[in-house]
Amino acid sequence: MKDTVIVDEKQLIAKEKANNPSLLRTIWREITHDKMALGSLIILIIILLSAYLSPLYIDQEAQHRVNFLNVWKAPSAEHWLGTDDGGRDVFGQLMLGTRNSFTIGFMVTLIAGLLGLTYGLIAGFYGGKIDNIMMRILDFLMVLPSTMFIIVFVVIVPNYTVVTFVLIMSAFAWFGKARLIRSRALQERELDYINASRTLGTPSLKIMFFEMFPNLSSLVIVNMTLTLAGNIGVETGLTFLGFGLPSGTPSLGTLISFARTPDIVQNKWWVWLPAALLILVMMLCINYIGQAVKRASDARQRLA
Amino acid sequence: MLQFILRRTLIMIPQIILVSIIVFLLAKAMPGDALTGAFQGNPDVSQEQIQKIREKLGLNDPWYQQYGRWLGNAVQGDFGQSYVHKQPVTHLLAGKVENTLLLSFFTLVVTYIIAIPLGIISGRWTDTWADKIIVTYNYFAFATPVFVFALLMMYLFSFVLGWLPYGSSVDIKLEEGTWDYFVSRAKHLVLPVLSGALIATYSTIQYLRNDIIDQKLKDYVKTARAKGVPEGKVYIRHILRNSLLPIAAFLGMEITLMITGSIFIESIFSYPGLGFLFIQSISTRDYSVVTALVLISSTAVIIGTMLSDIILSIVDPRIRIE
């Protein structure tokens, strides 16, 4: 008699688990049920694989070698996308640029996510006066014209490197996240499990990061996927203007920035146009996946 | 109501002061000061003399004294001299403000002309083919970075098709005041305006669509329908009245986006406005101009946000909490 009860309990737990799949599972189910999202995921994986694995099939050394006999060559069998002003293969640059742009976009998203999470959790968890002060500061930061400030910082920072660029960008990318997480944390702190934990004397930091955070994690993941595309856009945009990655590190923006003179825009389109289109495709793909992830996190919107 | 406006305006004052301090400190961190470049390469001026002038101009004072003086001058419209253009910064800006205002104004108008009807159609006839097309378009608008879009527009319309001019704000051969001048000016505006407006529609369409879908199911709409109000009138007299008002309030946010967008759009089309001037000045290390532009833009954004908060509180009294 007793045994059967235990078996039942186990079955119940198993059933519960099947009914409440993990976020990753739900996301996967959502993506496979949305043809556009699935297509986007496949395209994005192909782009990223060919970019990150490019050292296997592209001679990296040749990318930095300047060859003046080979300048501005139109696309051919040897150079799929022609060559640039230094005779370098544009296709190789494109792969290298995709790798750099994506890595940096990803890093910025990660750091900004961490900053926003910490700030939002603290403000939301404590609430009251602390929340009020922190939000006034955030209100102020949010109204600053960030593109201008990033450019100014990029110019005045001494020893400018890729790392400093990532830090500067991250410093201006977390405001929205902080606000979002704070509003959810404010709701969360009223719930019983937090109150119970507090009564038991759990340290605040532990409650915030080990008890509250897991319940906000889906929100954070959704927001990070959605901002990833935006951050890649900001990086390539700044590099395009000449205030992004240092010149030694090519990005997709570096290739697009060739489009500065009418002659290049019109007659040497192979240098900048592929990079521009590639950014567009990547943005669309990431956003489609992001939308699917967003739906997965909200049961009311799910398609699957 | 009055109390809210007063309080909201009071919040703005410390914000502006804080921004001015940050901008001032950034300006101090930029290499060079008011004397850099002025005597460069002039053998008649010795290092000692420069030191003396520095002392006289107060460049050796503590930073808060310098800040006070700088702010005082800035409020009176004196931002110092541009090293590159050898003329007062205010003078330099005055020539560009008009172009940027013109561009922003038309971009904003075109954005609303496109976005409002599309948002209404999309919200009223949800899940029809028209709605699907609009949602797809809006999705592109959201995902596309402004500089990529502007470049592609320029490539397509100026180079491949050759319909519209690129670069500058007017054909320089034409005389001011003539009809041709006006036409040329308008033609030069078309591409920058469209490049900005076509992808700025995102938030308005998205907002209108969601809001109309929400409103459609509310009791007051059901009542109106039950009384026999024709469907068209239900939308015009009842739903849109509620849905359209907050759009006015998003104006401040749109202005912020315009300022950021103008940097990209103006530099791509070499349109002589403030955004292009900002990029040019920072490239040539013309820091007094950069400082002035950052200060003016930040202040404009702060005031814009305040105005939209106030407008929003007028149209939607629920906002007026605290």
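Reader: Is B:Arg225 buried, partly exposed or exposed, and how do I read that?

Author: Happy to help, and do keep in mind that this model is predicted. Relative accessible area is the number to look at: under 20% is buried and over 50% is exposed. B:Arg225 has 32% relative accessibility, so it counts as partly exposed. B:Glu231 also comes out as partly exposed, at 32%.

Reader: Which salt bridge do B:Glu231 and B:Arg225 form?

Author: Here is the general idea first. Side chains of opposite charge can pair when their charged atoms come close. In this case the side chains of B:Glu231 and B:Arg225 meet, with 3.0 Å from N to O. Over all chains, the structure holds nine salt bridges.

Reader: What does the salt bridge between A:Asp34 and A:Arg295 tie together?

Author: With a salt bridge, it helps to ask where each partner sits. A:Asp34 is in the loop between helix H2 (23-33) and helix H3 (35-52) of chain A, while A:Arg295 is in helix H15 (residues 269-297), so the pair joins parts 261 residues apart in sequence. Their N to O distance is 2.8 Å. A:Asp34 is buried at 12% relative accessible area, and A:Arg295 counts as buried at 15%. A:Glu30 joins these two in a network of salt bridges.

Reader: Where do A:Asp131 and A:Arg182 lie?

Author: A:Asp131 belongs to helix H7 (residues 128-143) of chain A and A:Arg182 to helix H10 (residues 175-188), 51 residues apart. The two form a salt bridge with their closest N and O atoms 2.8 Å apart, and both residues are buried.

Reader: Now the interface. How many salt bridges and polar contacts lie between chain B and chain A?

Author: For an interface, look at area and at the kinds of contact together. Between chain B and chain A there are zero salt bridges, and two residue pairs are in polar contact. The chains bury about 3600 Å² between them, 84% of it on carbon and sulfur atoms. On the chain B side, B:Tyr139, B:Phe147 and B:Tyr155 lose the most area, together 17% of what that side buries.

Reader: How many residues are in contact there?

Author: The contact involves 41 residues of chain B and 37 residues of chain A.

Reader: One last feature: why is H12(B) described as largely enclosed?

Author: Count the buried residues in the helix. Eight of the ten residues of H12(B) are buried, so the rest of the structure largely encloses this helix. Among them are B:Phe276, B:Phe278 and B:Ile282. Just after H12(B), B:Arg285 adopts a positive phi of about 60 degrees.

Conventions: Residues are numbered from 1 along each chain as its sequence is written. Chains are lettered from A and ligands numbered from 1 in the order in which they are written. This is a predicted model: local features need pLDDT of at least 70, side-chain atom pairs count only at pLDDT 80 or more; totals for chains, interfaces and linings use all residues. Side-chain values use heavy atoms; hydrogens and water are left out. Contact means heavy atoms within 4.5 Å. Buried area is the accessible area (1.4 Å probe) that two parts lose on being put together, summed over both. A salt bridge is a side-chain nitrogen of Lys or Arg within 4 Å of a carboxyl oxygen of Asp or Glu. A polar contact is a pair of N or O atoms within 3.5 Å; within protein, one must be able to donate a hydrogen and the other to accept it, and residues adjacent in sequence count only if both atoms are side-chain atoms. Buried means under 20% relative accessible area, exposed over 50%, partly exposed in between (1.4 Å probe, protein chains only). Helices (H or I, at least four residues) and strands (E, at least two) are DSSP runs, numbered from the N terminus.
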